[in-house]
Amino acid sequence: MRTTIFDLEDGSVEARVEESPRLEPFPEFDDKPLKGVRVRDLIEPPGALIQLVEIAAGGQFAMHSSPDVAFCQVIRGRGKLGLPDGRELDYEGPELYVFLPGTLHDWHAIAEDTLLSVCLVRQS
């Protein structure tokens with residue numbers, strides 16, 4: 001997916017375009033194993049982190065939470081979002097989720113390669 005980041009340099013708006021950002025394997029999070037997950041940190045402006053996260057079909061992202069507000073856009077893909085009490089929500093992109101600090105969830109039963117655009121809004 002092509003991504004463009006606009007920045008102000010010497011009074012001029014500049015566009016930094018990546019035709020296909022390179023995602024790196026992301027094998028674990030908080031000491032929990034992940035399956036089929038890759039990530040790319042796009043930019044870290046003050047108070048935030050913007051990433052692309054890909055979960056391959058058949059993959060999973062373990063139950064986790066964040067101390068930050070996580071603004072997650074499902075760009076494409078299909079699967080299930082799990083909650084700690086065992087409830088599951090079917091998702092199919094495009095779709096938007098906003099996770100407030102400490103809200104546990106997972107991504108599993110990934111039926112189609114899933115691409116998320118994530119913005120973590122730092123709370124501290």
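A salt bridge is a side-chain nitrogen of Lys or Arg that lies within 4 Å of a carboxyl oxygen of Asp or Glu. The views below show a predicted model, in which local features need pLDDT of at least 70 and side-chain atom pairs count only at pLDDT 80 or more, while totals for chains, interfaces and linings use all residues. Residues are numbered from 1 along each chain as its sequence is written, and side-chain values use heavy atoms, with hydrogens and water left out.

**View A. Salt bridge between Glu19 and Arg2.** The two side chains meet at 3.8 Å, N to O. Glu19 sits in the loop between strand 2 (12-18) and strand 3, and Arg2 in the segment before strand 1 (3-9), so numbered from the N terminus as DSSP runs (strands are E, at least two residues; helices are H or I, at least four). The pair links distant parts of the chain, 17 residues apart. Both Glu19 and Arg2 are exposed (exposed means over 50% relative accessible area, buried under 20%, partly exposed in between; 1.4 Å probe, protein chains only). The structure holds 9 salt bridges.

**View B. Salt bridges of Glu24 and of Lys80.** Glu24 pairs with Arg22, with the closest N and O atoms 3.5 Å apart. Glu24 is partly exposed at 39% relative accessible area, and Arg22 is exposed at 62%. In the pair of Lys80 and Asp90, the closest N and O atoms are 2.5 Å apart. Lys80 belongs to strand 8 and Asp90 to strand 9 (residues 88-92), so this salt bridge ties together parts that are 10 residues apart in sequence. Lys80 is partly exposed at 24% relative accessibility, whereas Asp90 is exposed at 57%. Elsewhere, Glu44, Asp68 and Arg122 are joined into one network by salt bridges that share partners.

**View C. Aromatic pair of Phe26 and Phe61.** The whole structure contains 7 aromatic pairs (rings of Phe, Tyr and Trp, the last by its six-membered ring, with centres within 6.5 Å; planes under 30 degrees apart are stacked, over 60 edge-to-face, the rest tilted). In this one, the ring centres of Phe26 and Phe61 are 6.1 Å apart and the planes stand at 50°, so the pair is tilted. Phe26 is in the loop between strand 3 (24-25) and strand 4 (28-29), and Phe61 is in strand 7, 35 residues apart. Phe26 is partly exposed at 23% relative accessibility, while Phe61 is buried at 8% relative accessible area.

**View D. Aromatic pair of Phe99 and Trp107.** The ring centres of Phe99 and Trp107 are 6.4 Å apart with planes at 80°, so the pair is edge-to-face. Phe99 is buried at 9% relative accessible area, and Trp107 is buried at 2%. Phe99 and Trp107 form one aromatic cluster with Tyr91 and Tyr97.

**View E. The largest pocket.** Its volume is about 340 Å³ (the space filled by probe spheres set on grid points, which are joined across faces, edges and corners). A pocket is an open set of points on a 1 Å grid over the protein atoms alone, where a 1.4 Å probe fits, with protein on both sides within 12 Å along at least five of seven lines; lining residues have an atom within 4 Å of a point. Of the 22 lining residues, Phe29, Gln51, His64, Val118 and Leu120 are the closest to the centre. Strand 7 (48-64), strand 8 (69-82) and strand 11 (105-121) each give two or more residues to the lining, and strand 11 supplies the largest share, 5 residues.
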